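Me: I would like to go through this structure by question and answer. Please start with a term that will be needed.

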Amino acid sequence: MSSAWKAAGLTYNRYLAVAARVVRRSLKEQPRLQAERRGEMDLKFAKWANGKQGENKSLANANASAMAEGVHEQQP
């Protein structure tokens, strides 16, 4: 017997993310806000050159600026 999340075409990680979101949304206001804050992530990265770590940068900010530059370059 196949799991429902497999039959729906979801990966297990995606299934867990959906289930966690549903649980967080079902909570009362104050516990919901606390749970939502715990669910947020801030990924950072750094480029390495010559054995030295470069500046730590936010992945979300880097993606947003790369997308903005890509859109800007495509415009005539």
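Reply: A salt bridge is a side-chain nitrogen of Lys or Arg within 4 Å of a carboxyl oxygen of Asp or Glu. The model discussed here is predicted.

Me: How many salt bridges does the structure hold?
Reply: Side chains of opposite charge can pair when their charged atoms come close. In this structure, Arg32 and Glu29 form such a bridge. The number of salt bridges held by the structure is 1.

Me: How far apart are the closest N and O atoms of Arg32 and Glu29?
Reply: Both residues lie in helix H3 (residues 29-39), 3 residues apart, which means that about one helical turn separates them. Their closest N and O atoms are apart by 2.8 Å.

Me: Is Arg32 buried or exposed?
Reply: Buried means under 20% relative accessible area. Arg32 has a relative accessible area of 18%, so this residue is buried.

Me: Which residues make the nonpolar surface patch?
Reply: One member is Tyr12, a residue of helix H2 (residues 12-26). Tyr12 is partly exposed because its relative accessible area is 43%, and patch residues need over 30%. The patch covers about 350 Å² and is made by Leu10, Tyr12, Tyr15 and Leu16.

Me: In what order do the elements of the chain run?
Reply: The chain has 4 helices and 4 strands. Read from the N terminus on, the order is α-α-α-β-β-β-β-α.

Me: What share of the accessible surface belongs to carbon and sulfur atoms?
Reply: Of the chain's 76 residues, 5% count as buried. The accessible surface comes to about 7,000 Å², and the share belonging to carbon and sulfur atoms is 54%.

Key
Residues numbered from 1 in each chain as written. Predicted model: local features only at pLDDT ≥ 70, side-chain atom pairs only at ≥ 80, totals over all residues. Heavy atoms only, no water. Helix = DSSP H or I, 4+ residues; strand = E, 2+ residues; numbered from the N terminus. Buried < 20%, exposed > 50% of the residue type's maximum accessible area, 1.4 Å probe, protein only. Patch = residues over 30% accessible without salt bridge, like charges linked within 9 Å, V, L, I, M, F, W, Y side chains within 5 Å. Areas by Shrake-Rupley, 256 points an atom, 1.4 Å probe, with all protein chains shown as cover.
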